[in-house]
Amino acid sequence: MGSPQRPPLAHVFRGTFVHSRLDVPMEILHGRLLGVDDGGTIVFLEQADQQEQLAKKWGFKTSDIRELTHHEFLMPGLVDTHIHAPQYLFAGTRVDLPLLQWLTTYTFPTEAKYKDSDFAEEVYTRVVRRTLKNGTTTACYFATIYTDTSLLLADIIDKFGQRAFVGKVCMDINDAVPHYKETTADSVQEMESVTPLKPP
């Protein structure tokens, strides 16, 4: 009886790896080999002196190994649990007002623009690309009161391969910017119209 078929490796890296555990805030692992299969799952992280045995077991050649330089290391992707995607347009700016004035002066008028799907697609694409570029592989995004463009954000996230939750904002009180709110009934109806996703 033959050994079970192993999935092919997509990547093999040799170098330094950094991660953390509950009992170790930061662990630096020098001189290691890391293998990743086609599904993106890490299948081994072993000492580099195990290369010959790992190559036999997983079927890779020395030429398949990506050598990290002395100044490079790999680490797990970052998890951002609170991103207001529509506010990306003015991130790091417009900090001249207290929170409630800031919301009514900058945030709500900007978020009202996300009713336009072309506008939303352009900005949300930039948000997801930037967060991935900065190492955020998992995120919890807040969108706007608009269901269609909130779902569009989810589609863009899926397209780029980021893991995320997307929250549609439900806001039935906003006297400062009256055109940026919904009734409670509309909010409930919109949420009930969304088909829940089943895990893969």
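Start with the whole chain: its domain assignment gives domain 1 (9–74) and domain 2 (78–193). Colour the two separately. The C-alpha centres of domain 1 and domain 2 lie 37 Å apart. Keep in mind that this is a predicted model.

**Stop 1: strand S1 and its partners**

Select residues 9–19. This is strand S1, and it is mostly covered: eight of its eleven residues are buried. Which sense does the pairing of S1 and S2 take, parallel or antiparallel? Add residues 27–37, strand S2, to find out. The two strands pair in the antiparallel sense, over nine bridges. For one point on this pairing, click Arg 14. Opposite Arg 14, in S2, stands Leu 33.

Now show strand S4, residues 65–67. S1 pairs with S4 too, in the parallel sense and over three bridges. Click Val 12 in S1, then look across to S4. The bridge partner of Val 12 there is Ile 65.

**Stop 2: a nonpolar patch**

Move along the chain to Met 75. Where does Met 75 sit? Its place is in the loop between strand S4 (65–67) and strand S5 (78–84). Turn on the surface and add Phe 73 and Leu 78. Together with Met 75, these residues form a nonpolar patch on the surface. The accessible area of the three adds up to about 290 Å². Met 75 itself is partly exposed, at a relative accessible area of 47%.

**Stop 3: the annotated region**

Select residues 73–187. An unreviewed UniProt entry gives this stretch the annotation "domain: Amidohydrolase-related". Switch to a cartoon view. Over residues 73–187 the chain is 43% helix and 17% strand. Mark the C-alpha atoms at the two ends of the stretch: they are 46 Å apart.

**Stop 4: salt bridges**

Next, show the charged side chains. Side chains of opposite charge can pair when their charged atoms come close. How many salt bridges does the structure hold? There are nine. Here are some to visit.

Go to helix H1, residues 51–58. Lys 56 and Glu 52 both lie in H1, four residues apart, about one turn of the helix. They form a salt bridge, with the closest N and O atoms 3.7 Å apart. Are these side chains buried or exposed? Lys 56 is exposed, with a relative accessible area of 67%. Glu 52 is exposed as well, at 56%. The cut-off for exposed is over 50%.

Now find helix H3, residues 117–133. Arg 126 and Glu 122 both lie in H3, again four residues apart, about one turn of the helix. Their closest N and O atoms are 3.2 Å apart, and the two residues form a salt bridge. Arg 126 is partly exposed, with a relative accessible area of 38%. Glu 122 is partly exposed too, at 39%.

Select Asp 175 and Lys 181. This pair also forms a salt bridge, with the closest N and O atoms 3.9 Å apart. Asp 175 is exposed, at 65% relative accessible area, whereas Lys 181 is partly exposed, at 33%.

**Last stop: a network**

Finish by selecting Arg 21, Asp 23 and Glu 27. Which residues are linked in a network of salt bridges? Arg 21, Asp 23 and Glu 27 are. Show their side chains as sticks to view the network.

Technical notes. Residues numbered from 1 in each chain as written. Predicted model: local features only at pLDDT ≥ 70, side-chain atom pairs only at ≥ 80, totals over all residues. Heavy atoms only, no water. UniProt positions renumbered as here; feature names shortened; annotations may be inferred. Patch = residues over 30% accessible without salt bridge, like charges linked within 9 Å, V, L, I, M, F, W, Y side chains within 5 Å. Areas by Shrake-Rupley, 256 points an atom, 1.4 Å probe, with all protein chains shown as cover. Salt bridge = Lys/Arg side-chain N within 4 Å of Asp/Glu carboxyl O. Buried < 20%, exposed > 50% of the residue type's maximum accessible area, 1.4 Å probe, protein only. Pairing = 2+ DSSP bridges. Domains from an automatic or database assignment.
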